[in-house]
Structures are given as structure tokens and as C-alpha cells.
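The exercises below ask you to read ligand surroundings and helix packing from a structure, and each is followed by a solution in steps. Please look at the sequence and the structure before you begin.

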Amino acid sequence: MKIVVTGGAGYIGSHTCVELLTRGHEVVVVDNLSNSAKESINRVEKITGKSMDFFKADLLDKNAICQILSRCRADAVIHFAGLKAVGESMTMPLTYFHNNITGTLNLLSAMARAGVKKMVFSSSATVYGDPATLPITENFPLSATNPYGRTKLMIEQILQDLFRSDPQWHIALLRYFNPVGAHASGLIGEDPRGTPNNLVPYISRVAIGLLDRVQVFGNDYDTPDGTGIRDFIHVTDLACGHTRVLSKIFSSPGLVIYNLGTGRGFSVLEMIQGFERACGCTIPYEIVPRRPGDIAACWADPSRAKKELGWEAVRTLDDMCRDTWNWQKKNPHGYARL
Ligand code: NAD
Ligand code: UD1
């Protein structure tokens, strides 16, 4: 199959390209490199020994996207491209709505025009807001507390309306929990620009000595050690979920929704301890007030994906920490500044 991967130079996209190429798919990456480096494409080719087509293009450039889609005769699109920083979305909401929503609308029109009606969309567990109970199933009520989350929710609704209007569309909405880790080769991984907002990249930069100490946002939550609990999932497990869901949407039409998580939560302190085991050093941390907007705990019920896709996450917390550390050690400054 020929798969267009928007945002394929980014963190989850690059890992998914590896899994697609390994399984014999042809891959066409479309990315404007606004939050990634072209070097990730070279690394994916190095890992797999296969090449991909790469177009540096912006989803906001409707003509460019139409041309790419009409020329490349793809079978499906996996749509990762989007802006994803929650804090930034609160200060730049219009940029987020324009990039994520208009970009998706342009992509969908280009797909419709080219007759490509199969799409896998990167949604997020953020669409569950602050869940009343755990674990979270796909039927839980949906809400958004920030513009980033609202773009995910709105795109889910757009895709549902599109499917209702034309059942020839085959659509998968994938709600990721907390992707972490890196490819086992250490050649590709997460490369946030500036100071990381997310926990694991932050810990990793403390471990390598680029940052002083981790700030633990609150130890007064109603959790066993008082710190927040999340369902951290290895990015390679997540990437494999995409190849399974592609098979599903090729074999049966419809709109499907899956949680991609492990089904198990770990606390912030457990993650710091896991990283200490991986790097063999002490990770200094301090307890600071809660981060506004954070929830106490969040983990998935991933049983629908297991039952319908035959997919489940197999990598452990120690695998996630080991692979993050391997990537960080080999690429202390990420891709761009080597
Ligand atoms: P990322 O920033 O590493 O990758 C996104 C890619 O999209 C980047 O390479 C960026 O350059 C590209 N891009 C952004 N806007 C574009 C545009 N207008 N045109 C073309 N390319 C554009 O992020 P990621 O962590 O790989 O996330 C991928 C997707 O998964 C995003 O949609 C994100 O919202 C979603 N998601 C991520 C997480 C996470 O924790 N990483 C969790 C849940 C959902
Ligand atoms: C965040 C986003 C979420 C997005 C997800 C993946 C917020 C409020 N939520 O989720 O919408 O889908 O990233 O991109 O930004 N923590 C610390 N110190 C740190 C960083 C984090 O203690 O320096 C804690 C947090 O309080 C939380 C846990 O670590 O308990 C995980 O945080 P993070 O990695 O930012 O992910 P989420 O907040 O779950």
C-alpha cells in the first residue's frame, strides 16, 4: 500500500514511518518542518534500508497539498501534522485553530478530490478532559479545556460528519495516551525545541546535564505517592498500532475509535526512578505547586484495540526509559545541532 504520512518528520510520525516501511508499505511524507528536522527522514531510511518520498509542504498551502495528493495515488493518509503544545495553544489560539483545523480541512478536500478516502487521525486522550472514573473507555464523555484539545475534538467531529455524509470514507480516530521513548536504535527520538514541556523529555535533559533538576508539579494529588499518574506508552508500540489500524480500515469500512495506551499508570516519581535505573545516575528533583490544568490521574482501557485490532502495548516502563536515554546519549542536542 502507498501511505501519505502528514507530519512524518515529527516524533510519532517518524517512528510510524519505520514500522510502515518495515512492513513493505510505500511512504510519502508531507511535513513543513515547523517542529521537526529533515534529518529524521534520513535516519528512518538508515534504520529501514528503504527510501521514502519527502515533500516539504504546508497543509495550509491548499494547492500544494492537492497537487501532492493527486500525483502520488495514495491508498490512505495517516494524519499526524499539527501543533501540539497545550500552553502555547492558550496564548496563540488562532494559530492553533488555523494550523490544525484549516490544515485538516485542506487535506480532506485534497483527499476527496484525489479519491483517497481512508484516513487515520492522531487524536489524544486530552479529549476525555478530567475523567470521572478510570480506566477510560472510548465511550467516556468528551470535553476540552484548552484550544489544543479543542482542535482535536473539533477534528474528530468534522471526521464524524464527513463519514455520515459519505460512508465510502474509512476513518480511524486514535486517542493516544502519553507517548514516550525512542526507537531502539537510538537514531530517532523526540526532539522538542527549547525547554521541554512534557515530563520525559525534561527528565532526559536533566540526566544529560542540560537542565538542573526536574520540577515535580504537585505531590498532593489523591494518588499513592501524591504525584500525577499517566499512561505512558512506548512510541514504537504506538507506531505499531497504526499499522494494525490500517489493516482494519482497509478490510472493513466505517469510522472506528481506539484508545492507544497500555492500560497501566505510572506516577511522576516512578518515572523519575525508572530513568535513574536506565541512566545509572541520580535525577535531582524538587516538588513545586501543581501545574494549572493538570489532572491527577489518567489511564486507558485499551481492550477494544486488543479485541478488534489484535494490538497491545508490550514495552515496559524500563524499555521506555532505556530507549529515551539511549537516544538522548547518542544525540545530546537532538537532530538539528549535530
Ligand atoms: P511533532 O510536533 O513531533 O510532529 C508533528 C509534525 O507535524 C511536525 O513534524 C511538524 O513540522 C508538522 N506540522 C505541523 N503543522 C504542519 C502543517 N501545517 N503542515 C505540514 N506539517 C506540519 O508531534 P508528535 O508528538 O509527533 O505528534 C503527532 C500528532 O500526534 C500531533 O497531531 C499531536 O497533536 C498528536 N498527539 C501527540 C501526543 C504526544 O504526546 N506527542 C499525544 C497525543 C496526540
Ligand atoms: C500533556 C498535555 C496533553 C497532551 C500530552 C501529550 C498538558 C496540561 N497536557 O499531557 O494535552 O496530549 O501532554 O503531548 O500540557 N510533570 C512534572 N514536571 C514536568 C512536566 C510534567 O511533574 O516538568 C508532570 C505533570 O504534572 C503530569 C505528568 O508529569 O502529571 C505528565 O505530564 P506531561 O508529560 O506534560 O503530559 P500530560 O500533562 O499528561
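**Exercise 1.** Determine which of the 26 residues around ligand 1 come nearest, and then describe polar contacts of this ligand.

Solution. Begin with the surroundings in this predicted model: among the 26 residues around ligand 1, those that come nearest are Asp31, Asn35, Ser36, Lys84 and Tyr148. Next, take the oxygen atoms of the ligand: a polar side-chain atom of Asn35 is found 2.7 Å from an oxygen atom of ligand 1, and a polar backbone atom of Ile12 is 2.8 Å from an oxygen atom of ligand 1. Finally, turn to nitrogen, where an N or O atom in the side chain of Asp58 is 3.0 Å from a nitrogen atom of ligand 1.

**Exercise 2.** Work out how helix 1 and helix 2 are oriented towards each other, and which residues make the contact.

Solution. Two packed helices are described by the angle between their axes and by the distance between those axes. Helix 1 covers residues 11-22 and helix 2 covers residues 39-48, and they pack at an angle of about 30 degrees with their axes 10 Å apart. Angles under 35 degrees count as roughly parallel, and helix 1 and helix 2 are therefore roughly parallel to each other. Their crossing is right-handed. On the side of helix 1 the contact is made by Ser14, Cys17, Val18, Leu21 and Thr22, and on the side of helix 2 by Ser40, Val44, Ile47 and Thr48. Sorted by class, the residues of this contact are five nonpolar, four polar and no charged.

**Exercise 3.** Carry out the analysis for helix 5 and helix 6, ending with the classes of the residues in their contact.

Solution. Helix 5 (residues 93-114) and helix 6 (residues 147-165) pack at an angle of about 20 degrees, and their axes are 9 Å apart. That angle makes helix 5 roughly parallel to helix 6, and the crossing of the two is right-handed. Helix 5 contributes residues including Pro93, Tyr96 and Phe97, which meet residues of helix 6 that include Pro147, Tyr148 and Arg150. By class, the contact of helix 5 with helix 6 has 13 nonpolar, three polar and one charged residues.

**Exercise 4.** Identify the nearest of the 16 residues around ligand 2, and list polar contacts of its oxygen atoms.

Solution. Leu199, Gln215, Arg230, Arg291 and Asp294 come nearest among the 16 residues around ligand 2. For Arg291, an N or O atom in the side chain is 2.8 Å from an oxygen atom of ligand 2. The side chain of Asn178 has an N or O atom 2.9 Å from an oxygen atom of ligand 2, while a polar side-chain atom of Ser124 lies 3.1 Å from an oxygen atom of this ligand.

Note on methods
Residues are numbered from 1 along each chain as its sequence is written. Chains are lettered from A and ligands numbered from 1 in the order in which they are written. This is a predicted model: local features need pLDDT of at least 70, side-chain atom pairs count only at pLDDT 80 or more; totals for chains, interfaces and linings use all residues. Side-chain values use heavy atoms; hydrogens and water are left out. Axes are lines fitted to C-alpha atoms, for helices over the stretch in contact, and angles run from 0 to 180 degrees between N-to-C directions. Helices (H or I, at least four residues) and strands (E, at least two) are DSSP runs, numbered from the N terminus. Angles under 35 degrees count as roughly parallel, over 145 as roughly antiparallel, 65 to 115 as roughly perpendicular and the rest as oblique. A crossing is left-handed if the near helix is turned anticlockwise from the far one by less than a right angle, and right-handed if clockwise. Contact means heavy atoms within 4.5 Å. Ala, Val, Leu, Ile, Met, Phe, Trp, Tyr, Cys and Pro count as nonpolar, Asp, Glu, Lys and Arg as charged, and the others, Gly among them, as polar. A residue is near a molecule or strand if one of its heavy atoms lies within 4 Å of it. A polar contact is a pair of N or O atoms within 3.5 Å; within protein, one must be able to donate a hydrogen and the other to accept it, and residues adjacent in sequence count only if both atoms are side-chain atoms.
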